[in-house]
Amino acid sequence: MSALSLAVIVMLALGGASFRVSAQSHDHATHSQAKPIPANHSQADHAEHTRVPHAHPGPDIPPVTDADRVAAFPDVQGHAAHDDVIQYLVLFDQLDWQDGDEGAVVSWDAKAWAGRDIDKLWLRTEGERIDGATESLDVEALWGHAFARWWEFVAGARHDFEPGSSQTWATFGVQGVAPYKFEVQATAYVGESGRTAVQLEAEYELLLTNRLILQPLVELRLHGEDDPERGIGSGLSTTELGLRLRYEIRRELAPYVGVTWERKSGDTADFARLDGEAVEDTRWLVGLRIWF
């Protein structure tokens, strides 16, 4: 073997060894790079939260002045409230024409008030005329003061013109709307020579339609002692029941028809019998309810 052939064999041997070593090194490096590297979340979050945004320059905002505040919140005048205005009402709750045993009967029950929400001046009157002659007439002047929702205290004076000689009473009581919308009026009277009396009234308005209204009424009169001149006895003197059906042509104008039943009790009934009067009386009626 010549020296040249020997040199070629040695070079090929060294080259193959070098190629194997290089391939092994390449595989080891590739395997090392393929291993996953655990992520450091704390550093990433800290870096994300501590990142400072880029500052964007904006227009200069001037400070708020007193003139700006006045322009934004001007003084506004409130709308007019009518809680201190004097109001009034005149109501003829009953203006009846009846056909009684004694003849044609005209009776009325009217009231009027003027004042504000809390305090009012009240005028009340009841009466009856038979064949053109006044059989009974009384007028009350009262001061009313509201002490609760829908209720007020009244106090003043009442003067009876008929029957008998005129007399004056000191008057006090309450009036208002009870639960279930019953209108209630309870009045006590103290008259001359220590005479006393109590009058209780209750009525209710049942709406059959928006304009057709049925109105029942009960009224009781009691007296503390006998008054022979006027035919009044002590205790429960008179009980009156009424039923009126009205049609409101307008709210202020309503004709009605109805019936009343009245009965005298106790000593009052005895006085009526002595005078030849009926103890019990039923009357059919027509009438008109007006307010303005």
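In this predicted model, strands S6 and S7 pair in the antiparallel sense, and 9 bridges hold the register between them. Within that pairing Gly176 stands opposite Val184 of S7, and the hairpin that the two strands form leaves 3 residues between them, with Tyr180 taking a positive phi near 70 degrees.

From S6 the reader can step back along the chain to strand S5 (residues 151-162), which runs antiparallel to S6 (residues 167-178) and is joined to S6 by 10 bridges. Ala157 has Ala170 in S6 as its bridge partner, and the hairpin of S5 and S6 has 4 residues between the strands, Gly164 in the turn showing a positive phi of about 70 degrees. S5 also pairs with S4, again in the antiparallel sense, over 11 bridges; here Leu137 stands opposite Glu162 in S5, while the turn of this hairpin has 2 residues between the strands and includes Trp150, whose phi is positive at about 75 degrees.

One further step back leads to strand S3 (residues 119-130), which is antiparallel to S4 (residues 133-148) and joined to S4 by 12 bridges. Ile130 stands opposite Ala133 in S4, and in the hairpin of S3 and S4, where 2 residues lie between the strands, Asp131 takes a positive phi near 50 degrees. When such pairings are followed on the model, it helps to recall that in a regular strand the side chains alternate between the two faces of the sheet.

Glu162, already met as the residue opposite Leu137, belongs as well to a patch of negative charge on the surface, in which it gathers with Glu135, Asp275 and Glu277. Of these, Glu277 lies in the loop between helix H4 (266-274) and strand S13 (280-291), and because its relative accessibility is 45%, Glu277 counts as partly exposed.

A second surface feature is nonpolar: Tyr88, Phe92, Leu95, Trp97, Val106, Leu206, Leu208, Leu245, Val257, Val286 and Phe292 make a patch of about 980 Å². Strand S1 gives the most to this nonpolar patch, with 4 residues. Trp97 has its place in S1 and, with a relative accessible area of 44%, is partly exposed. Leu91 also has its place in this strand, which spans residues 87-100, but Leu91 is buried, because its relative accessible area of 12% falls under the 20% limit. Leu91 also brings two remote stretches of sequence into view, since its C-alpha is 6.7 Å from that of Phe292 although the two residues are 201 apart in sequence; Phe292 is itself a member of the nonpolar patch.

Charged side chains can be followed through their pairings, and a search of the whole structure finds 21 salt bridges. One of them joins Asp66 to Arg69, with the closest N and O atoms 3.0 Å apart. Both residues lie in helix H3 (residues 66-72), where a separation of 3 residues corresponds to about one turn of the helix. The two partners fall into separate classes of accessibility: Asp66 counts as exposed because its relative accessibility of 58% is over the 50% cut-off, whereas Arg69, with a relative accessible area of 44%, is partly exposed.

Another salt bridge is formed by Glu225 and Arg195, whose closest N and O atoms are 3.9 Å apart. This pair links distant parts of the chain, 30 residues apart, with Glu225 in the loop between strand S10 (212-223) and strand S11 (235-247) and Arg195 in the loop between strand S7 (182-190) and strand S8 (196-203). Glu225 counts as partly exposed at 33% relative accessibility, and Arg195 is likewise placed in the partly exposed class, at 21%.

The side chains of Lys264 and Glu262 meet in a salt bridge as well, at 3.9 Å from N to O, and Glu262 is partly exposed because its relative accessible area is 27%. Beyond these individual pairs, salt bridges that share partners join Asp93, Glu205, Arg246, Glu248, Arg251 and Arg289 into one network.

Technical notes: Residues are numbered from 1 along each chain as its sequence is written. This is a predicted model: local features need pLDDT of at least 70, side-chain atom pairs count only at pLDDT 80 or more; totals for chains, interfaces and linings use all residues. Side-chain values use heavy atoms; hydrogens and water are left out. Patches are made of residues with over 30% relative accessible area and no salt bridge: like charges are joined within 9 Å, nonpolar side chains (Val, Leu, Ile, Met, Phe, Trp, Tyr) within 5 Å. Accessible areas come from the Shrake-Rupley method with a 1.4 Å probe; for residues, only the protein chains shown count as cover. A salt bridge is a side-chain nitrogen of Lys or Arg within 4 Å of a carboxyl oxygen of Asp or Glu. Lys and Arg count as positive and Asp and Glu as negative; His and the chain ends are not counted. The place of a charge is taken as NZ of Lys, CZ of Arg, CG of Asp or CD of Glu. Buried means under 20% relative accessible area, exposed over 50%, partly exposed in between (1.4 Å probe, protein chains only). Two strands pair if DSSP finds at least two bridges between them.
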